[in-house]
Amino acid sequence: MRLQLSPETAAFREEMRTFFTTQVPQEIRDTVAARRHLTRDQYVETQRVLNAAGLAVPHWPREWGGRGWTPLQRHIWHEEMQLACVPPPLAFNVSMVGPVIAAFGSQEQKERFLPPTANLDIWWCQGFSEPDAGSDLASLRTSAVRDGGDWVVNGQKTWTTLGQYADWIFCLVRTDPTAEKKQRGISFLLVPMDAPGVTLRPIELIDGGHEVNEVFFEDVRVPAENLVGEENRGWDYAKFLLGNERVGVAPVGYTKRLLAQAKRHAAEVEVDGEPLARDPLLAARIAELENELLALELTALRVVAHSADGKPHPASSVLKLRGTELQQAATELVVDIAGPLAVASGAGEGSEVPEWARVATPSYLNYRKASIYGGSNEVQRTIIAGSILGL
Amino acid sequence: MDFDYDDEQAALREAVSGLLGRAYTGEHRRTVTAAEPGFDEKTWARLAEMGVLGLPFAEDDGGMGAGPVEVAIVAEEIGRVLAPEPFVEVVVLAGGLVAAVGTPAQRGEVLAAIAEGGCVAAVAHAEPGTRWSPSARDVRATRDGDGWRLAGVKEPVVQGARADLLVVSAVLPGGGTGLFLVRPDAEGPARTGYRTHDGGRAARIELTGTPAELLGDDADADRTAAVERAQAEARIAYGHEAVGAMDTALRTTAQYLRTRKQFGVPLARFQSLTFRTADMYVSLELARSTALWATLVQDAGGDVVRAADRARLQTSRAGRHIGHEAIQLHGGIGMTAEYTIGHYTSRLTAIDHLLGDGDFALARLAAVTGGYETVDPLGAPYTGG
């Protein structure tokens, strides 16, 4: 039982901090700090800088660029990246399809896809959710029917994040509609976005932004070799993909940075000549949020430091649930600090409203998504009640 | 960084939990708390035999030389079964003050006696009209030849009527807060004991020129910081007592939902109830993490007062959440004195109001939040961000 990092881990933390704050282009980090949207090129440039230094896919198998780090090292890597305003490597590539191909793909698939996936030479998007398959993902209906050497795909995916930038989409498709359990007839299929019959339609969100899409498949022919692993085992791979992550589940670094920004804004905003930061109600709200975030960070550290038998720590289920709640609370705090300025989200050149106040409300509205995606917080509560409390 | 208990710590937990688990099965706690002094002297003696009552004291002072992690383990096991033995109050708070301020002779005498189980020492610090202050206000110390006399009222003093020795704070002639040992003998203070809602005992202590012995040997030293620090260490230990109690309250509630049937099905079939139980688990784990961290800050020589405020805020919020929901999810049975769950809520409420509640901690944290950018729990030693 010891709080301090070992000298080696402390040095590792310093190494990460130095790299992220000196090697990633300042303009990109400024964009993240200002909570502006990144361009496709900025994502790609960042990931290539990271990949060249061996920092894009540290959790992959060593032969594909992994580093063999401990969970604590990976946690530090992830936290320092967020604190330094470095956009993390694209999750669809490095946390989702990459690990699935590395674990279940053929040697050919690994050689073909893993290096460009790590380097963001291929941009992946996720084809899981459907209009009638959200939390109940296993009821998905997009079908793939074997026809000679091809799979023929028909159906619709939705909530496809950054699909407008994507080269490929990894899909869960129904390959055996007669399977007794609906989870059993699903396969994991890789589809090029430029294949004939694939169309993408943007979905505008409540913040006015375009980050998610619908993707339609109409008699899309995909070579059989694009199926990952075994036919009808796709559900197991999706569970592997969603369930094997215990690092970075809670966006601690992101929220910590936002709270620090909120404090700076509160010190700048004046109310009748006094800094808003002196308002005791606001100070109490900030202090309480900071303390809850501390509790979350410590819980994340307990989870990553837990070495026993490779099984996830029971408390890991808390991280997504509480992590997104606090992330949302921090975005809400910034809106409230902006106060009347929070309405000026559309202000342009010549406005005296600072940029942080203009983006506050769209960002707050945007982050209502956090408690819905990646297994809604109601799904998380179901998991806690069921698998931990036996209810 | 390492959050795992070592083998010796695991053995300590097993021993304490074995002793207390056997002592407080079924109705026994109600029987014990119904009679004076509100705890079981035999269990107290067994804890002394195990070395638990001298755990944090230096070996030279008759203690075991263990650290805050070991103290935390004992406190959590006490909370788990609501053992009424005043471990935190006597060992951590009273013993902590004597260890911090006492002369070698005083430490040797008092701490050894506490460790052996022969001395229940109580801190008489709170005064009517004060609210969790680290200073004395109206109780005054005056010199009397080579000795001292104290006058004023202390209340509520936990275990003040049973105590073999009182550690009393008082305003010094030159200002500042001094600490004194007061023996409740013939010349001792008037003590009026009473039951507290959680089954414990407290007392009003009236000092009327009562003879007292200066704790430590510097008659001019202001001990406010020492009181602040001892209270912080006790708040951290209380945090673990609360975690133990919350853990049992949650488990008991989950068990009840699995077995209690209404509308022909177990209550666990109702998602409105299971979701609330899941939220209780979230509160518990976040509180556990923070209490554990504060203990490690103490162990590493960091800013223990700030860490204690952080732990208190989290455990206070969690204690209320879990305490309320545990009764509500039980329904009417949770209101009865015969059933255990409500007693957990009662004890959590008492812990919350001994030494400063969550809002008290929050006010202190809010006053300093502008002074740092982010909270870095791993920066060693923790310096208060």
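## Briefing: a pocket, an interface and some odd backbone spots

The lining of the second largest pocket is made up of 21 nonpolar, twelve polar and ten charged residues. That pocket has a volume of about 810 Å³. Keep in mind that this is a predicted model. Besides the pocket, there's the interface of chain A and chain B to look at, with 46 residues of chain A in contact with 46 residues of chain B.

**The second largest pocket**

- There are 43 lining residues, and the ones closest to the pocket centre are Pro156(B), Val158(B), Tyr238(B), His353(B) and Leu354(B).
- On chain B, each of these elements chips in at least two lining residues: α5 (87-101), β1 (121-124), β3 (147-158), β7 (201-214), α7 (224-259) and α10 (341-353).
- Pro156(B) is worth a second look: it sits in strand β3 of chain B, and the peptide bond leading into it from Glu155(B) is cis, with omega near -5°.

**Where chain A meets chain B**

- The two chains bury about 4,300 Å² between them, and 66% of that is on carbon and sulfur atoms.
- Five salt bridges are counted between chain A and chain B.
- Arg381(A) and Asp279(B) pair up through their side chains in a salt bridge, at 2.8 Å from N to O.
- In polar contact across this interface are 18 residue pairs, both partners at pLDDT 80 or more.
- On chain A, helices α8 (252-268), α9 (280-305), α10 (316-338) and α12 (377-388) each bring at least two residues to the side that touches chain B.
- α9(A) gives the most to that side, with 17 residues.
- By residue class, the side of chain A that touches chain B splits into 24 nonpolar, nine polar and 13 charged.

**Salt bridges elsewhere**

- Over all chains, the whole structure has 60 salt bridges.
- Within chain A, the side chains of Arg322(A) and Glu325(A) form a salt bridge at 2.3 Å, N to O.
- Both Arg322(A) and Glu325(A) lie in helix α10 of chain A, three residues apart, or about one turn of the helix.

**Backbone oddities**

- As background, most residues other than glycine have a negative phi, and most peptide bonds are trans.
- Glu36(B) to Pro37(B) is a cis peptide bond, with omega near 0°, and Pro37(B) falls in the loop between α2 (28-34) and α3 (41-49) of chain B.
- Trp159(A) isn't a glycine, yet its phi is positive at about 60°; look for Trp159(A) in the loop between β3 (150-157) and β4 (168-174) of chain A.
- Asp219(A), also not a glycine, has a positive phi near 45° and belongs to strand β7 (residues 212-223) of chain A.

Methods:
Residues numbered from 1 in each chain as written. Chains lettered and ligands numbered in written order. Predicted model: local features only at pLDDT ≥ 70, side-chain atom pairs only at ≥ 80, totals over all residues. Heavy atoms only, no water. Contact = heavy atoms within 4.5 Å. Buried area = accessible area lost by both parts, 1.4 Å probe. Salt bridge = Lys/Arg side-chain N within 4 Å of Asp/Glu carboxyl O. Polar contact = N/O pair within 3.5 Å; in protein donor to acceptor, adjacent residues only side chain to side chain. Helix = DSSP H or I, 4+ residues; strand = E, 2+ residues; numbered from the N terminus. Nonpolar A, V, L, I, M, F, W, Y, C, P; charged D, E, K, R; others polar. 1 Å grid on protein atoms, 1.4 Å probe; cavity = no way out; pocket = protein on both sides within 12 Å on 5 of 7 lines; lining within 4 Å. Points joined across faces, edges and corners; volume = space filled by probe spheres on them.
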